[in-house]
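Let's take a walk through this protein together, from its overall make-up to its inner spaces. Please have a look at the sequence and the structure first.

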Amino acid sequence: MKKTFQTLICAAFTLASTVGCGHAQSSENKAAESNENLPKVYFYKEINSENLVKIYEALGREAKGKVAVKLSTGEPGGHNFLQPALIKDLVQKVNGTIVECNTAYGGKRGDTQSHLQAAKDHGFTAIAPVDIMDAEGETELPVTGGKHLKSDIVGKNYLNYDFTVVLSHFKGHAMGGFGGAIKNISIGIASSNGKRNIHSAGASTTSWGNPEQDDFLESMAEAAKAVIDHCGENILYISVANNLSVDCDCDSSPADPQMGDIGILASLDPVALDKACTDLVRSSKDHGKIHLIERIDSRHGMHTLDYAEQLGIGSQKYELVELD
């Protein structure tokens, strides 16, 4: 009888252990499944042309058809923009055309002739064709679910492209706090009138207006949504976090970077990508990060991502996949 009792106790203990392990395994499986559903952000610490091509390939989405590579050609006088030598291999791999629109603040990229000269002077025309998309007019992409913009006014030539590679220089920005993927496809693809429309939170195409800061940030997200809805799956996002000035490449006299470079990041989710860039700035051990963080937070920059997530164009939760 004693032996039988001990046997029952052992069996019960074994069953309990098995059930316990089953619960643990179930939790682990759920966590793994949850992680699989998160957008992936790929990351190379070393910034070079080879890794730029590799990170594009890691995304697993081939740029097909007539490919637009959206980047900033950089305002003359500035020097932090992505250098042609760095991006040449990627741009040529996708047989891309570098696309831009004229600025809304004058400067030396405010008209097509001057803008093309700047692109030539900065070395971009030597590596690929350059298309100033609003040179021959503009068109409108509808904004659904927004509260500021009814449409995003973009360069007319944007409709000529089948696929968009969003190649952004991540850095600070005097008005938005930071510039990354969302800024690049919102203000960057907008025509001069479209840029004013975004800056004024939908109030004007002739004036920047004086909107509430959050309204401007939300308008950027709404314009980005219009582009994303237009593209569907024919778009991907790569950001290079180097030359981390608090100022944008649209500044002709940007402040010098006060922290070191971070790396190359890429995702199929622009919100996750921008969030990962800001997270890596904040987690950096480089004391110089305080200047960029102050620029981001003083402009309430993270609200852009909060609202973009609310609009459904991406997630601030992501899985960082280090490739180095």
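Over which residues does pLDDT stay under 50? The stretch is residues 1-25, and the model gives these residues zero contacts beyond four places in sequence.

## Confidence and overall make-up

Keep in mind that this is a predicted model. For the protein as a whole, the mean pLDDT is 91, and 90% of the residues reach 70 or more.

The protein has 10 helices and 12 strands. Of its 324 residues, 53% are buried. About 14500 Å² of the protein is exposed, with carbon and sulfur atoms supplying 49% of that area. If you take the contacts between residues at least 6 apart in sequence, 75% of them join residues at least 24 apart.

## The largest pocket

Now for the open spaces. The largest pocket holds about 450 Å³ of space. Its lining consists of 29 residues, and those closest to the pocket centre are His-173, Lys-183, Ile-187, Cys-248 and Cys-250.

Which elements each supply at least two residues of this lining? They are the strands β7 (163-169) and β8 (171-173), together with the helices α5 (181-186) and α6 (192-199). The most comes from β7, which gives three residues. Sorted by class, the lining of the largest pocket has 10 nonpolar, 10 polar and nine charged residues.

## Enclosed cavities

There are also closed spaces to explore: the model has three cavities of 30 Å³ or more. The largest cavity has a volume of about 40 Å³.

Around the largest cavity you will find Gly-176, Phe-178, Ile-182, Lys-183, Met-220, Asp-274, Gly-301 and Thr-304. By class, this lining divides into three nonpolar, three polar and two charged residues. Lys-183 is worth a second look, as this residue is among those closest to the centre of the largest pocket and also lines the largest cavity.

## A closer look at Lys-40

Let's finish with a single residue. Lys-40 lies in strand β1, which covers residues 40-44. Is Lys-40 buried or partly exposed? Lys-40 counts as partly exposed because its relative accessibility is 32%, and the partly exposed class lies between 20% and 50%.

Lys-40 also shows how distant parts of the chain come together. Beyond its neighbours within four places in sequence, Lys-40 is in contact with Ala-266, Ser-267 and Leu-268, as well as with Glu-319 and Val-321. Lys-40 and Leu-273 are 233 residues apart in sequence, yet their C-alpha atoms are 8.7 Å apart in space.

Technical notes. Residues numbered from 1 in each chain as written. Predicted model: local features only at pLDDT ≥ 70, side-chain atom pairs only at ≥ 80, totals over all residues. Heavy atoms only, no water. pLDDT = per-residue confidence, 0-100. Contact = heavy atoms within 4.5 Å. 1 Å grid on protein atoms, 1.4 Å probe; cavity = no way out; pocket = protein on both sides within 12 Å on 5 of 7 lines; lining within 4 Å. Points joined across faces, edges and corners; volume = space filled by probe spheres on them. Helix = DSSP H or I, 4+ residues; strand = E, 2+ residues; numbered from the N terminus. Nonpolar A, V, L, I, M, F, W, Y, C, P; charged D, E, K, R; others polar. Buried < 20%, exposed > 50% of the residue type's maximum accessible area, 1.4 Å probe, protein only. Areas by Shrake-Rupley, 256 points an atom, 1.4 Å probe, with all protein chains shown as cover.
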